[in-house]
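Trainee: Please pick one packing contact and take me through it closely. After that, I'd like to hear about the surroundings and any spots worth a second look.

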Amino acid sequence: MRCLWLTLADPEPRHNGQYLYSGGLIDAMGQGGAQMHVLGLARPDSPKRMNGVPGADGIRWWLSNHHPRSSLQSLVSPLPHIADRSWTPGLRQVLDARLREGKWDTIVFDGISAGWALDQVLDHFPRRHGRPNLVYVSHNHEASLRREVARNHENFIKRQVLRYDALKAAWLEHRLVDAAALVTAITSEDAEQYLARRPDRRVEVLTPGYAGSHESRRRITAATPRRAVIIGSFDWIAKRMNLEQFVAVADPLFAAHGAELQVIGSAEEAFLSRMRRKAAATQFTGPVDGVLDFMREARIALVAERHGGGFKLKVLDYIFNRMPILALSGSVAGVPLRHDDSILLYEDYESLARGVLQVIDDCDRLNSLQDRAYAACQDQFDWSSRGERLLSAMAAL
């Protein structure tokens, strides 16, 4: 299968969920035997790649210089910002050359961020007959997700901007789904939303795999710091909203009970500085080289995300590194964890924060949670099976 894979950017280094999912699928497709040609932006911190020269894995990369369009440019664009940032002259030229160079069996739009290319592809193949199979690999159900984020932003002006962008995202997502012969969803909940609008579409659930570290055994003891951690990348507005709202509730409760909260991951320095000024029990590390040592020095991992939906890839880091998880209900879709058995779930930020304080000194309970979560997931998330499933679905088109 000769596959042209359109993605946001070179996923290396894989420091957030989008790059982890894209990179994992690209690797799995190549290992499954597909002839992979991947097109996107070149990131400044990525390894240098020669355009069109296959790497050791056989994957050919076609990258344009990393000069993404700004948020201001996207305001006057028909595209939502997530897709408009890649709608650069250089990347359009790279795509045009790839479309002209030969026959493709499949063209993959890897997330809505690749939606800028839809019109260019359809213009090159105006008739369905003779057109490569188009596949939309979704990372979220964007229409519902972005509508929710816009609705819950506290600032009136930003709320209107986000609503406008959400409308554009929904329009583009609908067009991608309508054009695609195959749609993949990252959770079954997302798949149901796609099918509710287009019951005639073929939709496959394609949860992420996991290729990170595994802790074969870990015991939480009284010597482990009385600390909960939140790990992630906080560059997206929804992630910052979740974090700010939770810390506002949890920080004074933790401070009053001698517990610590540690937030590990990148965000704009202005945001981190503002958060640090208001916090008493919370530490914000900013970007780090690795997260394993931070997880080993904490008792609990938190998923405190009211906005954002989708599959949280950091949950797999927590599970396979044996961190007991406490989370908001509905925020851990796609993993086979059960409340009060392998995870503890709470309805709001305050009950989640108080739940941490109720169990943080119960080491037997915490160890039982992490053991049962690991057992439930240990054979469920290998990338090779994801590649095989996607290749099989493509071959059946």
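Mentor: Start with helix α1 (residues 17-31) and helix α15 (residues 383-395): their axes come within 8 Å and cross at roughly 70 degrees. Helices (H or I, at least four residues) and strands (E, at least two) are DSSP runs numbered from the N terminus, and an axis is a line fitted to C-alpha atoms, for helices over the stretch in contact, with angles from 0 to 180 degrees between N-to-C directions. Keep in mind that this is a predicted model, where local features need pLDDT of at least 70 and side-chain atom pairs count only at pLDDT 80 or more, while totals for chains, interfaces and linings use all residues. Residues are numbered from 1 along each chain as its sequence is written, and side-chain values use heavy atoms, with hydrogens and water left out.

At that angle, α1 and α15 are therefore roughly perpendicular to each other (65 to 115 degrees; under 35 is roughly parallel, over 145 roughly antiparallel, and the rest oblique). The way α1 passes α15 is a right-handed crossing (the near helix is turned clockwise from the far one by less than a right angle; anticlockwise would be left-handed). On the α1 side, the contact (heavy atoms within 4.5 Å) uses Leu20, Tyr21, Gly24, Leu25, Ala28 and Met29, and α15 brings Trp383, Arg386, Gly387, Leu390, Leu391 and Met394. Sorted by class, that contact of α1 with α15 comes to 9 nonpolar, 2 polar and 1 charged residues (nonpolar is Ala, Val, Leu, Ile, Met, Phe, Trp, Tyr, Cys and Pro; charged is Asp, Glu, Lys and Arg; polar is the others, Gly among them).

Now zoom in on methionine 29. Setting aside residues up to four places away in sequence, methionine 29 touches Gly387, Leu390, Leu391 and Met394, and also Cys3, Trp5, Ala34 and Met36. Met29 is also listed with Trp5, Met36, Ile319, Ile325 and Val335 as having the most contacts inside the largest nonpolar core, which has 49 residues. Such a core is a set of buried Ala, Val, Leu, Ile, Met, Phe, Trp, Tyr and Cys residues joined through side-chain atoms within 4.5 Å, and buried means under 20% relative accessible area, with exposed over 50% and partly exposed in between (1.4 Å probe, protein chains only). There's also a second, separate core of 39 residues, and Tyr19, Trp116, Leu122 and Leu134 are among its members.

Met394 leads you on to asparagine 133. Leaving out neighbours within four places in sequence, asparagine 133 is in contact with Met394 and Leu397, along with Asp105, Thr106, Ile107 and Ala181. You'll find asparagine 133 in strand β5 (residues 133-137), and with a relative accessible area of 27% it is partly exposed. Its C-alpha is 6.3 Å from that of isoleucine 107, although the two are 26 residues apart along the chain.

Just before α1, have a look at the loop between β1 (2-9) and α1, where proline 13 sits. The peptide bond that joins glutamate 12 to proline 13 is cis, with omega at about -5 degrees. Most residues other than glycine have a negative phi, and most peptide bonds are trans. Arginine 322, a residue other than glycine, has a positive phi, near 60 degrees. Arginine 322 lies in the loop between α12 (314-320) and β12 (325-328) and is buried, at a relative accessible area of 9%. Aspartate 340 also has a positive phi, near 70 degrees, and belongs to the loop between β12 and β13 (344-346).

For a second helix pair, try α9 (residues 237-256) and α13 (residues 349-359), whose axes come within 9 Å and cross at roughly 45 degrees. That makes α9 and α13 oblique to each other, and α9 passes α13 in a right-handed crossing. By class, the contact of α9 with α13 has 10 nonpolar, 2 polar and 2 charged residues. One α9 residue to click on is leucine 253, which is buried at a relative accessible area of 14%. Apart from neighbours within four places in sequence, leucine 253 is in contact with Ala353, Arg354 and Leu357.
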